[in-house]
Amino acid sequence: MYVVVYDFGTSSVKTCLFDIDSEIRLVASSTADYGLYITADGGAEQDTEEWWAALCSTTRNLFQKSDVKPEEVEGMAACTQFQGSVFVDENGNALRRPMNYLDQRGIKEYQECMGSGIIKVSGCSLYKLVRNLIVNYAGSTSAKDPVWKYKWVEHNEPEVFQKAYKWLDICDYLVSRFTSRIVRTADSAFATFLYDTRKGKEGWNKGLLKMYKVNPRHMPDLIDSTDLVGELTEQAANDLGLVKGIPVFGGGGDTTFVNIGAGCTRPGDTHIYVGTSGWVSTYLDYQTVDINAMITGVLSAKRGYFNYYAELETAGKCFEWVVKHLALDEIGVYLSQAKVTDDIESKFTSLYDYLSSEVSKVPPGANGVIFTPWLHGNRCPFEDSNAAGMFFNIKLETGKRDMIRAVLEGICYHLRWLLECQAKKVKTSDPLRFVGGGALSPVTCQMLADITGRTIETVNNSQEVGAIGTALVVAAGIKGVDVLELSRQLVKANHAYIPNPENKAIYERNYKVFKRLYKSNAANYKALNDETDN
């Protein structure tokens with residue numbers, strides 16, 4: 001069975017062709033970039049036509065790389081970045097650039113709504129939080145949440161708002177473009193925190209829509225991620241180089257499918273993901289929330305299950321920053337310029353592999369340098385859009401390799417912090433599955449094992465786990481089998497990293513300092529970065 005899946009990230013799409021039988025095999029993949037447009041007022045936008053051009057070019061490229069014919073494809077779906085906002089007309093055309101999950105222009109709308117009231121928790125109205133918690137164990141406690149993007153458009157772009165037919169997330173927009181059917185998946189609906197998760201009451205909650213003053217007419221009909229939405233239209237098929245009539249499944253947000261692609265499908269299974277963003281997620285058969293730490297149980301692809309999810313907004317993005325601003329030209333990361341031998345050139349397949357090797361030359365603890373990975377603010381376990389990155393404890397003898405290792409360690413320290421916050425509410429697993437691009441580096445895998453004190457397991461095709469999970473949902477839908485069982489059969493660990501006790505003391509010391517850095521500098525971040533105070 002051949003399945004096409006679009007793994008739609010923050011800055012690029014990776015389009016994958018899978019063959020699923022007694023195993024799941026990645027036949028071919030193709031990647032294309034698109035822009036992320038950051039504005040001075042906190043906006044983060046993208047362009048639908050750039051998205052579609054990327055999908056079209058990568059889909060056609062699959063069949064140039066393989067012997068598979070488009071007519072052999074039996075199903076398709078997308079897993080995408082989450083908590084975006086796309087306003088469309090009745091034909092599914094976007095009325096403005098989609099707002100990315102990083103967009104934080106709605107801070108005024110958030111403060112006016114959630115900051116009101118006599119009694120507050122974490123700066124939010126207790127009354128409104130309680131109403132949300134009763135309905136879905138969650139709440140809009142961040143200015144980056146979709147409802148504040150919606151309210152920002154209402155207040156600042158009334159002409160767009162008046163023309164809007166429906167309000168979609170990114171995957172829903174792509175499904176509309178594939179099938180001409182305008183719907184929302186339940187997981188993307190939940191991400192607005194306007195969705196009722198109570199058994200027997202699943203759907204848009206009228207009380208929350210009224211409380212947040214969201215127009216019910218803007219809310220699309222709802223489907224499950226595992227549902228068959230419709231067939232690929234002739235227009236979409238011609239654009240993509242596919243065949244009209246291919247079954248299109250609901251798909252959804254990236255967090256919905258990664259646990260399935262990681263093989264974490266039993267309650268209590270925990271995985272860590274590091275891509276552009278990062279997270280710690282524990283699979284549960286019930287829903288819970290930690291409102292103080294900004295952790296909640298988001299909907300799984302399978303109804304009745306939840307991913308208890310804690311996010312780090314810039315994880316791999318920090319390493320990308322390192323490549324651009326610390327490594328290039330300074331430590332010879334361009335292999336063609338590094339005067340390395342053919343043997344070394346054949347050993348390293350990417351800039352990131354080479355950097356990992358360089359990092360391994362620095363002892364654990366990065367010679368005392370600590371980095372905070374909050375390059376676009378932070379959400380969990382503290383919400384602060386003013387938080388930023390820093391290198392702490394730089395000395396005359398500090399080198400760039402120390403700083404680069406500190407970045408990787410800082411990401412791992414924050415992931416441990418998230419893991420510990422989760423453990424206060426739920427039982428997390430040992431071993432942990434580590435997936436995403438970060439898991440491709442053995443140096444990072446061992447570092448994460450040492451810092452968390454847990455065994456770290458990796459899987460095949462680690463970068464494609466979201467796409468693999470989505471492909472398994474499509475395959476299960478076509479075959480009529482349970483997707484969780486299918487994942488357990490096909491997704492196995494390929495390597496395990498055991499914590500090195502010799503590194504425990506140095507990492508414990510640095511981790512304690514890392515956790516104190518935000519509290520010690522919160523006022524400084526506010527003074528430098530809060531434009532409302534200037």
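Colleague: Which residue of β19 stands opposite Thr270?
Modeller: This is a predicted model, in which local features need pLDDT (the predictor's confidence in each residue, from 0 to 100) of at least 70, side-chain atom pairs count only at pLDDT 80 or more, and totals for chains, interfaces and linings use all residues. Residues are numbered from 1 along each chain as its sequence is written, and side-chain values use heavy atoms, without hydrogens and water. Strands β18 (residues 270-274) and β19 run antiparallel, joined by five bridges (DSSP must find at least two for a pair), and a hairpin of three residues connects them. Opposite Thr270 stands Thr282.

Colleague: How many residues of β19 are buried?
Modeller: Strand β19 spans residues 278-284, a DSSP run of E with at least two residues, whereas helices are H or I runs of at least four, both numbered from the N terminus. One side carries Gly278, Val280, Thr282 and Leu284, the other Trp279, Ser281 and Tyr283, and both are covered. With buried meaning under 20% relative accessible area (1.4 Å probe, protein chains only), the number is seven of seven.

Colleague: Which residue of β22 stands opposite Tyr283?
Modeller: Strand β22 (residues 306-312) runs antiparallel to β19, and seven bridges join the two. Tyr283 in β19 faces Asn307.

Colleague: At what angle do the axes of α11 and α14 cross?
Modeller: Helix α11 covers residues 316-327 and helix α14 residues 400-423, and their axes come within 10 Å; axes are lines fitted to C-alpha atoms over the stretch in contact, with angles from 0 to 180 degrees between N-to-C directions. The two are therefore roughly antiparallel (over 145 degrees), crossing at roughly 170°.

Note on methods
Parallel < 35°, antiparallel > 145°, perpendicular 65-115°, else oblique. Buried < 20%, exposed > 50% of the residue type's maximum accessible area, 1.4 Å probe, protein only.
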